[in-house]
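Me: I would like a close look at one part of this model, the place where charged side chains come together. Please take it step by step, and say what each term means as you go.
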Amino acid sequence: MAQMRGPGSYGIGTQVPFGGPSEPAPESGPLDAIRKQTSKIEDWLDTLSEPLKPYLPAIGRFLIVVTFLEDTLRILTQWNDQLLYLHDYRHIPKGITHLFLIVNMASMLVCSVMIIIRKHAEYAVAGLMAVVVTQALGYGLIFDLNFFLRNLSVIGGLLMLLSDSWVRKSKAFAGLPQLEEKDRKMYFQLAGRVLLIFLFIGFVFSGEWSIWRIIVCLIGLVACVMVVVGFKAKFSATLLVLILSVFNVFVNNFWTLHEHHPHKDFAKYDFFQILSIVGGLLLLVNSGPGQFSIDEKKKVY
């Protein structure tokens with residue numbers, strides 16, 4: 001990129017001798033300062049995670065679908081309670097309640113397995129997205145803000161999975177305009193990055209405030225902004241993975257609650273949903289933020 005002409009280039013001020021070395025370009029601003037500091041940490045994290053790198057995509061895919069596998073098991077083990085809730089509280093006719101649960105269980109199980117074994121990812125992701133929508137409608141949670149934000153994040157993880165699974169060769173359909181594979185992947189990476197951070201937004205506006213919570217929220221919000229704009233995205237995604245993992249273990253520790261504790265089911269549900277979002281963040285760490293990001297634009301300029 002052409003540099004702007006300074007006063008010296010018009011004969012004003014100190015002249016640089018012909019053929020002499022030019023002065024180094026100054027840092028452009030605070031982004032370069034942050035980049036310089038975080039680069040050292042990124043190098044250290046790359047070295048530390050080197051043995052895990054080949055397995056990150058597989059771990060990420062499994063974690064993304066683990067909430068659907070857990071939900072399948074939950075419906076199976078709480079079959080009568082699920083039917084009772086749908087019939088008595090949602091006023092869904094009995095035959096339809098059975099069909100609703102069976103279709104949801106089959107869809108979640110089949111689509112999750114397809115994603116784990118990397119077969120027909122587009123159909124599997126579409127099936128799981130349909131499950132998220134139908135469950136929100138069926139259980140009457142579509143207007144629950146916390147549920148809505150968490151499921152946006154789960155959908156973000158699914159979009160990251162979809163963009164990560166696409167191969168370079170795409171099918172062309174005659175007479176229809178097609179996006180190039182790299183362009184399509186770029187748009188879905190951007191959408192996945194944006195949606196992934198909604199769970200943390202829900203976390204910020206829920207629960208009781210304390211000093212540690214304020215500190216965690218501030219750090220997490222900065223990391224979320226960095227993920228969205230794609231600035232040091234791998235570093236900020238790793239930071240969010242650490243924050244959410246620690247939070248999950250210490251707050252959603254459902255295994256320490258007795259069987260009939262009123263919050264056990266919700267803590268278990270929350271635990272596996274956060275695991276799914278962590279899986280999406282791991283795919284972001286593995287594949288990078290994509291073309292629509294400050295990190296990639298910096299490489300261009």
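How many salt bridges does the count come to?

Reply: The count comes to four salt bridges, where a salt bridge is a side-chain nitrogen of Lys or Arg within 4 Å of a carboxyl oxygen of Asp or Glu. The model is predicted, so local features need a pLDDT of at least 70 and side-chain atom pairs count only at pLDDT 80 or more, while totals for chains, interfaces and linings use all residues. Residues are numbered from 1 along each chain as its sequence is written, and side-chain values use heavy atoms, with hydrogens and water left out.

The setting is a protein chain with twelve helices and zero strands (DSSP runs numbered from the N terminus, H or I of at least four residues for a helix and E of at least two for a strand). Of its 301 residues, 41% count as buried, which is to say under 20% relative accessible area, with exposed meaning over 50% and partly exposed in between, for a 1.4 Å probe and protein chains only.

The part to look at is a network of salt bridges that links Glu70, Asp71, Arg74 and Asp265. Arginine 74 pairs with glutamate 70, and the closest N and O atoms of the two are 3.1 Å apart. Because these two residues stand four apart in helix α2, about one helical turn separates them, and both of them are buried. Arginine 74 also meets aspartate 71 in a salt bridge with an N to O distance of 3.9 Å; here too both partners lie in helix α2, three residues apart, which is about one turn of the helix. Arginine 74 counts as buried because its relative accessibility is 11%, and aspartate 71 is likewise buried, at 14%.

The network also reaches into another helix, since aspartate 265 forms a salt bridge with arginine 74, with 3.9 Å between the closest N and O atoms. Aspartate 265 belongs to helix α11 and arginine 74 to helix α2, so this pair ties together parts that are 191 residues apart in sequence. Aspartate 265 has a relative accessibility of 37% and therefore counts as partly exposed.

Arginine 74 appears again in the open space of the model. The largest pocket has a volume of about 650 Å³, a pocket being an open set of points on a 1 Å grid over the protein atoms alone, with protein on both sides within 12 Å along at least five of seven lines. Its volume is the space filled by probe spheres set on these points, which are joined across faces, edges and corners. The pocket is lined by 24 residues, of which Arg74, Tyr139, Leu141, Phe147 and Tyr269 are the closest to its centre; a lining residue has an atom within 4 Å of a point. Helices α2 and α11, which hold arginine 74 and aspartate 265, are among the elements that give two or more residues to this lining, together with α3 (79–89), α5 (121–138) and α6 (145–165).

By class, the lining of the largest pocket has eleven nonpolar, seven polar and six charged residues, with Ala, Val, Leu, Ile, Met, Phe, Trp, Tyr, Cys and Pro taken as nonpolar, Asp, Glu, Lys and Arg as charged, and the others, Gly among them, as polar. Arginine 74 is thus a buried residue that pairs with glutamate 70, aspartate 71 and aspartate 265, and that is also listed among the residues closest to the centre of the largest pocket.

Methods. 1 Å grid on protein atoms, 1.4 Å probe; cavity = no way out; pocket = protein on both sides within 12 Å on 5 of 7 lines; lining within 4 Å.
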